[in-house]
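Visitor: I'm new to this one, so could you walk me through it at an easy pace?

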Amino acid sequence: MNARWYPPLPAPYSPEPEPPHSRFKEYVDLLLDNRRLIASVTAVALVLGTGYALFGPRVYETNVLIQLEDAERSPGGAGDAAVNGVNVKTPTSGEAEILKSRMVLGQAIENTKLFITAQPHYIPIVGAFMARHSKTLSTPGVFGLRGYVSGTERIAVPQMDVPPAFEGKKFLLTAAADGHYTLTHPDLDTPLHGRVGEPLDSSVPGGTVHLLVASFDALPGGAFELTRRSTQLTLLGLQRELRVIEKGKLSSVIDVSWQTDDREHLANLLNEVARLYMRQNIDQKTAQAERTLNFLGTELPKFKQQLEQSEEAYNQYRNQNGTISLDDEARNALSQNVDLQAKLLDARQKRLDLASRFTSEHPMLITLDAQIASLRKELGGVDGRIRRMPMLQQNSLRMQRDIKVNTELYASLLNSSLQMRLAREGRIGNVRVLDQALSPEKPVRPKAVLVVALALVVGLFLGALIAVLRKVLKNTVATPDEIEMRTGLNVYSTIALSARQGVLDRAIRHGRPGIKLLAASHPEDPALEGVRRLRTTLAFLMAGAPNNRILLTSATPGAGKTFLSANFSAVLAASGKRVLLIDADMRRGKLASQFGLKAGTGLSELIAGTATLGQAVHVQVLPHLDVITTGKLPLDPATVLGASAFTRLLETLSALYDAVVVDAPPILLATETVAMAPDMGTLMLVARAGNSELGDMVESAKRLAHVGAAFHGVVLNAQDARPRHSAGYGYDYGPYRLHANVYPPALGHTPRAEPERARS
């Protein structure tokens, strides 16, 4: 039989899977959303950086170059030869430690009085900047504060000693007429008085203050800050700050530099350090020459006597035995013996000099001891060869050896003695200063361009970091999915963020007349599409509600419940329904200002019975829309709105209108909202994207549950309309408007905006 043909059934609709969500794009969008915050933080960083570049302390730097000469490679001469006799080259690292030693730096600090700081009492923050650009003395005082200066004031203090309790503390020296001055300190009972060029000695608690002011240049009333620091602490600080490095590899040129804000002491101190370092080097060489001379002074007479005795003995032996001819082997042995004797004496002399400066475990002494032992061993071998010769030849060879050795050693010692005298009298060292330290003209820090660039980078980084931390640490709502998954509440509509609303908000704050309502002034605004979706959804939801009263509230302030209440009422009235909007927020009611109404008789008078509906209701504020403002704000709103009179009033009003919209205060801040909830047919919670917290929404739902009421849904307000990191809930309000994640009703799926109709 023929089978009847049926058209194929449509395949069930399944939405295309969303592409994987990019975390990078999410953070880029997050930064774009917080561009004002980032710009503000960056602006603050730039202001601080620019302020530091302009008004921050100036740091100056200068240096001195010192060369360590290698005497063994220097040109010949009597003085250089003298140095050769005693020179032991110290490594550059060792010289750096000598430069930073207490012996050098301590004396330099004492000679330059680095522990004394004397500077003008500048106006805070900008005083030093003004002084750098000033060419005359300033008039003391600013903003009624006496003593502050900002000009070319100068002071010289060559001597200042204070008790230990006053070290590191500032004294204030105030100039007077005719070179007189007054010295004050918080710990002094009475001011001290002195005069330029005359020592000031005064007893204070803990000791005596000794001060000598050489000169100062300031108008009467100008003040200076004087500080006497601890010498030891000054030395420790200088040792940390002084930089000593070798210029190049194995160049033997040392660069000594220092950075400080004390421009006056900078060059003087480094030049003094170089001078003291050279002096100690010369003193060391002179001391070495003196020790060598003392040794030679005791040895020269002995060698002279030995030479005379050896010559006399050889003459007697030759007279007795006649002239003896030496063969080649004997002459060779004689030459080797004399050479080894000279080397042995030279090694012993060097060891004696080193033993006065180093211990026996020093590597140089150990090397010399091994060299001396080797020379003695070789000398013993030569003596053994001589002993194997004929006796007559042995005796002649020994005598000639003694004469030759003693002659050469005596001549060498005489030459060394002359060299040491030249070194001692000439005071020659192996250090010289190549470049003296010069007073710097420009500071090395701060570098204005670098500081501003760094401030820009730091500002951008901190701004971005704050934006990310706010996102991570603040558990705020961002998408409808997030609300539904984490609170269990249905999201009935999403209101786009409106740029025009900001203009209306400013008009409300400035109290401008007229209606400042988005639905009235800009009905085409994309944000109103979400309000219209809410109107459509509530039309089905209210069909099964016990009454026509709609309560709009939020968990905390700032969600936009008043904005939604006013615009929803206007949109609902535009559909032809008679709507009454009640401002029940008797703490911060703002509906009157939005509609340009006077906050006169209102809800509080209706509940109290002191006014009639005709007196309290503002009729036809917009077509089909009436408004009741708060009226006079009561002291206890919870008692007023929780009274039975309010319930009866609502029943009366419900019979007169198609819909009654109540703008209620935030639940977590006002108990009256929970009291009103049981009398409402529909309850909606308003949340603001990026501002409302999930925990607050859950707590609000719990409070309603305690009185047997519940939210019917949530309206997500101020959602960014661009398709950004909101995970698919973007909107395009061009000629075609499409709600994200909406399933086509023709295929049996229910839009997110109409969950109640689907359940019914």
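Visitor: How do the residues lining the second largest pocket divide into nonpolar, polar and charged?
Guide: In this predicted model, the lining of that pocket divides into 20 nonpolar, 13 polar and 14 charged residues. The second largest pocket holds about 1500 Å³ of space, and of the 47 residues that line it, those closest to its centre are Gln119, Asp261, Asp262, Arg263 and Glu264.

Visitor: And which element gives the most to that lining?
Guide: That is α7, which contributes six residues to the lining of the second largest pocket. The elements that give two or more residues there include α7 (231-241), β13 and α8 (263-321).

Visitor: You mentioned β13, so which strand does β13 pair with over eight bridges?
Guide: Strand β13 (residues 253-260) pairs with β1 in the antiparallel sense over eight bridges, and within that pairing Thr62 stands opposite Trp258 of β13. Strand β1 also pairs with strand β14 (residues 431-435), again in the antiparallel sense, over four bridges, and here Leu65 stands opposite Asp435 of β14.

Visitor: Why is β1 described as largely enclosed by the rest of the structure?
Guide: Seven of the nine residues of strand β1, which covers residues 60-68, are buried, so the strand is largely enclosed by the rest of the structure. For the protein as a whole, buried residues make up 44% of the 760 residues.

Visitor: Switching topic, how many helices and strands are there?
Guide: The protein has 25 helices and 22 strands. Among its contacts with a separation of 6 or more, 77% are between residues 24 or more positions apart.

Visitor: What about closed spaces, how many cavities of 30 Å³ or more does the structure hold?
Guide: There are two cavities of 30 Å³ or more, and the second largest cavity contains about 40 Å³ of space. Its lining includes Ser554, Leu685, Glu693 and Met697, and the elements that give two or more residues to this lining are β21 (682-688) and α24 (694-706). The largest share, three residues, comes from β21, while the lining residues of the second largest cavity divide into five nonpolar, three polar and two charged.

Visitor: Which residues have a positive phi although they are not glycines?
Guide: Ile125 has a positive phi of about 70 degrees, and Ala718 has a positive phi of about 60 degrees. Ile125 is placed in the loop between β2 and α6, whereas Ala718 lies in strand β22 (residues 713-719).

Visitor: Are those two buried or exposed?
Guide: Ile125 is exposed, because its relative accessible area is 65% and the exposed class begins over 50%. Ala718 is buried, because its relative accessible area is 9% and buried means under 20%.

Visitor: Where is the cis peptide bond?
Guide: A cis peptide bond joins Arg445 and Pro446, with an omega of about 0 degrees, and Pro446 sits in the loop between β14 and α12 (448-473).

Visitor: Last thing, what is the mean pLDDT of the protein?
Guide: The mean pLDDT is 82, and 79% of the residues reach 70 or more. Over residues 71-90, however, the pLDDT is below 50, and that stretch has 28 contacts in the model beyond near neighbours in sequence. The pLDDT also stays under 50 over residues 725-760, for which the model has 72 contacts beyond four places in sequence.

How values were computed: Residues are numbered from 1 along each chain as its sequence is written. This is a predicted model: local features need pLDDT of at least 70, side-chain atom pairs count only at pLDDT 80 or more; totals for chains, interfaces and linings use all residues. Side-chain values use heavy atoms; hydrogens and water are left out. Buried means under 20% relative accessible area, exposed over 50%, partly exposed in between (1.4 Å probe, protein chains only). Two strands pair if DSSP finds at least two bridges between them. pLDDT is the predictor's confidence in each residue, from 0 to 100. Contact means heavy atoms within 4.5 Å. On a 1 Å grid over the protein atoms alone, a cavity is a set of points where a 1.4 Å probe fits but cannot get out, and a pocket is an open set with protein on both sides within 12 Å along at least five of seven lines; lining residues have an atom within 4 Å of a point. Grid points are joined across faces, edges and corners, and a volume is the space filled by probe spheres set on the points. Ala, Val, Leu, Ile, Met, Phe, Trp, Tyr, Cys and Pro count as nonpolar, Asp, Glu, Lys and Arg as charged, and the others, Gly among them, as polar.
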